[in-house]
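Reader: I am new to this structure and would like a close look at a single part of it. Could you take one helix and its surroundings and lead me through them with care?

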Amino acid sequence: MPKIVDAEERRRAVAEAVFAVVGRRGLEGASLRNVADEAGLAIGSVRHYFGDHGELLVFAMKELSHRFEHRVLAHVERLAECRDGEERREVAEAMLQEFLPLDATRREEAAVWSAFVTAARTRPELRPRAREVLEGTREVMTRVLEGARRTGALREGLDVELESVRLSALLDGLTVQAVQVPELLPPRLLRTVLRTHLDALTDGGW
């Protein structure tokens, strides 16, 4: 009997090949030929699952963002169940740390995501997802800070919308620098910078 191939599983496997190629060669190196070779497939097989190169990149970009979103949402659910300020602060901090390259996996993902976002400037098909993720990131920041405001932990007079943008930009900047020169921004320092920033926004507890 012929082997039954799960189409979505195969598409995800090809996306993994895209990540590997982009991680080594940059997005410009992620040609259909190179991706097919990485996945151990004939180029015709890749074309069977993706109409063109642009469709492949859009799918891979969505797969990468979904992987990240899944981790963040797990923390969001925990945050809703927190019963005291100390626990809420701990969970919020853990959630925000998901935006930082604190281990090899997140560092590789951040490097590949940066390549996608940079390419979105000149590749219109990638722009919608890049915008969605940025908007989603700011929404998470807003949720965290609104929670602190409702419990009276946020410093009086702070603009939550503005602080959400500032927190998002801080995490983005730390990520870019840590991917470029990881030895200058080790995980301990990244955590300390985030913690110090959150301390400056609050009056102690959450």
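Author: What follows is a walk along helix α4 and out to the pockets and helices around it.

The model is a predicted one, and a brief view of the whole chain helps to place the helix. The chain holds nine helices and zero strands, so its pattern, read along the sequence, is α-α-α-α-α-α-α-α-α by the DSSP runs that define these elements. Along its principal axes the C-alpha trace spans about 65 × 40 × 30 Å, and of the 206 residues in the chain 43% are buried. Among the contacts between residues at least 6 apart in sequence, 67% join residues that are at least 24 apart.

Helix α4 covers residues 53–80, and because each of its 28 residues should add 1.5 Å, a span of 40 Å is expected, with which the 41 Å between its end C-alpha atoms agrees. At the start of the helix, a side-chain oxygen of Asp-52 comes to within 3.2 Å of the backbone nitrogen of Gly-54.

Glu-55 is also found in helix α4. Is Glu-55 buried or exposed? The answer lies between the two, because its relative accessible area is 33% and the residue therefore counts as partly exposed. Leaving out residues up to four places away in sequence, Glu-55 touches Arg-11, Tyr-49 and Phe-50. Arg-138, by contrast, is 83 residues from Glu-55 along the chain, and the C-alpha atoms of the two are separated by 27 Å.

Another residue of helix α4 is His-75. His-75 counts as buried because its relative accessible area, 13%, falls under the 20% limit. When residues up to four places away in sequence are not counted, the residues that His-75 touches are Val-91, Ala-94, Met-95 and Glu-98.

Val-91 and Met-95, two of the residues touched by His-75, also appear among the buried residues of α5. Helix α5, residues 85–97, has 13 residues and reaches 18 Å from its first C-alpha to its last, close to the 18 Å expected at 1.5 Å a residue. At its start, a side-chain oxygen of Asp-84 reaches to within 3.1 Å of the backbone nitrogen of Glu-86. The buried residues of α5 are Gly-85, Arg-88, Arg-89, Val-91, Ala-92, Glu-93, Met-95, Leu-96 and Gln-97, and these pack against α4, α6, α7, α8 and α9, the last of which covers residues 187–201.

Helix α4 also takes part in the walls of two pockets. The second largest pocket has a volume of about 230 Å³, and α4 and α7 each supply at least two residues of its lining. Which residues lie nearest the centre of this second largest pocket? They are Glu-69, Val-72, Gly-136, Thr-137 and Val-140, out of 14 lining residues. The largest share of that lining, seven residues, comes from α7. By class, the lining of the second largest pocket has seven nonpolar, three polar and four charged residues.

The largest pocket has a volume of about 640 Å³. Its lining receives two or more residues from each of α4, α6 (104–120), α7 (127–150) and α8 (160–180), and α6 gives the most, with eight residues. In all, 27 residues line this largest pocket, and Ala-110, Trp-113, Ser-114, Asp-172 and Thr-175 lie nearest its centre. By class, the lining of the largest pocket is made of 14 nonpolar, seven polar and six charged residues.

One of the residues nearest the centre of the largest pocket, Thr-175, lies in helix α8. Thr-175 counts as buried because its relative accessibility is 12%, and a residue under 20% is placed in that class. Leaving aside its neighbours within four places in sequence, Thr-175 is in contact with Phe-99, Leu-100, Pro-101 and Ala-110, and Ala-110 is likewise among the residues nearest the centre of the largest pocket.

A last point of reference is Leu-41, in the loop between α2 (32–39) and α3 (43–49). Leu-41 is 33 residues from Ala-74 in sequence and 34 Å from Ala-74 in space, C-alpha to C-alpha. With a relative accessible area of 19%, Leu-41 is buried, because the class takes in values under 20%. Its contacts, apart from neighbours within four places in sequence, are Arg-10, Val-14, Ala-36 and Val-46.

Note on methods. Residues are numbered from 1 along each chain as its sequence is written. This is a predicted model: local features need pLDDT of at least 70, side-chain atom pairs count only at pLDDT 80 or more; totals for chains, interfaces and linings use all residues. Side-chain values use heavy atoms; hydrogens and water are left out. Helices (H or I, at least four residues) and strands (E, at least two) are DSSP runs, numbered from the N terminus. The expected span of a helix is 1.5 Å times one less than its number of residues. A polar contact is a pair of N or O atoms within 3.5 Å; within protein, one must be able to donate a hydrogen and the other to accept it, and residues adjacent in sequence count only if both atoms are side-chain atoms. Buried means under 20% relative accessible area, exposed over 50%, partly exposed in between (1.4 Å probe, protein chains only). Contact means heavy atoms within 4.5 Å. On a 1 Å grid over the protein atoms alone, a cavity is a set of points where a 1.4 Å probe fits but cannot get out, and a pocket is an open set with protein on both sides within 12 Å along at least five of seven lines; lining residues have an atom within 4 Å of a point. Grid points are joined across faces, edges and corners, and a volume is the space filled by probe spheres set on the points. Ala, Val, Leu, Ile, Met, Phe, Trp, Tyr, Cys and Pro count as nonpolar, Asp, Glu, Lys and Arg as charged, and the others, Gly among them, as polar.
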